[in-house]
Structures are given as C-alpha cells and as structure tokens.
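Work through the exercises below with the sequence and the coordinates at hand. Each task is followed by a solution in steps.

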Amino acid sequence: MSGHSKWATTKRHKAVVDAKRGAIFTKIGNQIAIAARAGTDPETNAALAMILEKARQANMPKANVDRAVARAADKSAADLIEETYEAYGPGGVGIIVEIATDNKNRTLPEVRHTLEKNGGRMADPGSVMFQFARKGVIFTSAKGDEIMMAALDGGAEDVVEEDDGTTIYTAGGDLAKVRSALLAGGFEISSAELQYVPNNMVPVEGDNLAKVEKILDAIDDLDDVTAVHTNAEM
C-alpha cells in the first residue's frame, strides 16, 4: 500500500521506549476516557477494547486504566475534546496531528510552536487532509501466508509483510470486524487502530530526512497529541 512508511515502524519502536518510561500513559488514558463515553464494557465497545489492548501492550497500571474509564462517567471532570490539525513539515511533507485535550487554548499554541520551532507550519483545514484516507491499521508479529489469508478472508483491504511482522489495512468501518476475525483465528495482535494513511508518499532524503524525523518526534512527544501521521517516505 502506498501509505506505508518508515514512520509507522519508528512509532512502534518509540511506543516501546515511551511505555518503559511511563510517558505514554497520559496519551492512552485520554484515549480510554474518550472511547469509554460509548460504554465501559469492552465486550460491547470495540473501540474501548482496542485501546485497552494498547494499554496492556504498554504495561499501563490497572489503577491508571480504571481512573481513565471512570473519567468518562465523572460529570465534574473536564471534558476532553478531540481535534485534528493539519500541517506541513520540512520538504513540504504533509502531517496530520490528532489531539485529545481539556484545554485547546493550551494545546493549539503548543503544537504550532513545536512545528515552527522545527521547520514546519500549520496548514489551512482541508489543504493536507485530502492527501490521506481514514483506514483501520492492524499490526501483528505474525508473518507468512497464513496471516495474510486470514486477514483477507476477514475483510482486509491489503496486507504488507515487514521485517518485524505484518501490517494489515482495512476500510475504516471494518477495523473491529477484521480484528475479531484474526483474534478468533488465534493470532496475537499488537495494535489495532484508525489512522490517516497517505494516498501517495512524498520522498524525503538528504538534510530534510533528519529534519522530518525531528519534527515528527517533537510533535509526538506532546502530552495532548494522541497520534501523528505523515506522507513522508523515509
């Protein structure tokens, strides 16, 4: 698929490091609180089940998970707002930034400052988004024909084998269905989430390569940022 890039692999490795130092717990907690608005039972709330799976992968303490779930029902807690920002990075690459915040007046300036400090800029709504499609993305350490056939039989659109496993792409509305089919087939899933997948990649090389990696890392490190997507081919 045209949307695959080194950044996807980088994010997986970065998530492991962040989990070890606890930096990812705030991000996952916000995602749990938002998903739990639709119901606190993961058996009937597929979105919550997928985020809880992410929490388990990060070894997030149960107390943190319970607090995040309870936050959805706490009327006195500050409401979390989900927003998506569009931006351009070094070399003209497109960047999509997903955030969850209880204070937009704090988060938007933080994102803008981080972009400008690292050679990027905010973009007008719609000017970057059209270059991406909202897809379900599943990653598993399993490899080979068996996982490929199981994914395609389950309704996946594309399957890409990588060095450390297999990435499976689905239509946005089929993510939970394909995930369930793979689990029923006995496959262990490392992550399953909706992502903005680029329709076409923008090659990045030379000095811009290091600049793009730096700006993506800097944005991803912000507490209120839940996901970063790019069409940079690195």
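**Exercise 1: a threonine in a strand**

Determine from its relative accessibility whether T166 is buried or exposed, then describe its surroundings.

Solution. The model is a predicted one. The relative accessibility of T166 is 1%, and buried means under 20%, so T166 counts as buried. T166 belongs to strand β6, which runs over residues 165-171. Next, list its contacts, leaving out residues up to four places away in sequence: T166 touches I138, F139, T140, A142, K143, I147, V159, V160 and E161. One of these, A142, also offers a backbone oxygen, which lies 2.6 Å from a polar side-chain atom of T166.

**Exercise 2: the length of a helix**

Check whether the end-to-end distance of helix α5 (residues 104-117) agrees with its number of residues.

Solution. Helix α5 has 14 residues. The expected span is 1.5 Å times one less than the number of residues. For α5 this gives 20 Å, and the C-alpha atoms at its ends are 20 Å apart, so the two values agree.

**Exercise 3: the two faces of α5**

Assign residues of α5 to its buried side and to the face turned away from it, and find what the buried residues pack against.

Solution. Start with the buried residues of α5, which are T107, V111, T114 and L115. Because they cover an arc of only 100° around the axis, they lie on the same side of α5. The face turned away from that side carries N105, H113, E116 and K117, which are exposed. Finally, look for the packing partners: the buried residues of α5 pack against the strands β1 (81-88), β2 (94-101), β3 (121-122) and β9 (225-230), and against helix α8 (207-220).

**Exercise 4: the ends of α5**

Describe the side-chain to backbone approach at the start of α5 and the phi angle of G119 just after this helix.

Solution. At the start, a side-chain oxygen of N103 comes to within 3.0 Å of the backbone nitrogen of N105. Just after α5, G119 has a positive phi of about 85°.

**Exercise 5: rings and the whole chain**

Search for aromatic pairs, locate the charged end of R134, and summarise the protein chain.

Solution. The search of the whole structure returns zero aromatic pairs. The charged end of R134 sits over the ring of Y196, 4.2 Å from the ring centre. The protein chain contains eight helices and 10 strands. Of its 234 residues, 46% are buried. Among contacts with a separation of 6 or more, 70% join residues 24 or more positions apart.

Conventions. Residues are numbered from 1 along each chain as its sequence is written. This is a predicted model: local features need pLDDT of at least 70, side-chain atom pairs count only at pLDDT 80 or more; totals for chains, interfaces and linings use all residues. Side-chain values use heavy atoms; hydrogens and water are left out. Helices (H or I, at least four residues) and strands (E, at least two) are DSSP runs, numbered from the N terminus. Buried means under 20% relative accessible area, exposed over 50%, partly exposed in between (1.4 Å probe, protein chains only). The arc is that of the directions from the helix axis to the C-beta atoms. Contact means heavy atoms within 4.5 Å. A polar contact is a pair of N or O atoms within 3.5 Å; within protein, one must be able to donate a hydrogen and the other to accept it, and residues adjacent in sequence count only if both atoms are side-chain atoms. Rings of Phe, Tyr and Trp (its six-membered ring) pair if their centres lie within 6.5 Å; planes under 30 degrees apart count as stacked, over 60 as edge-to-face and the rest as tilted. A charge sits over a ring if NZ of Lys or CZ of Arg is within 6 Å of the ring centre and within 35 degrees of the ring normal.
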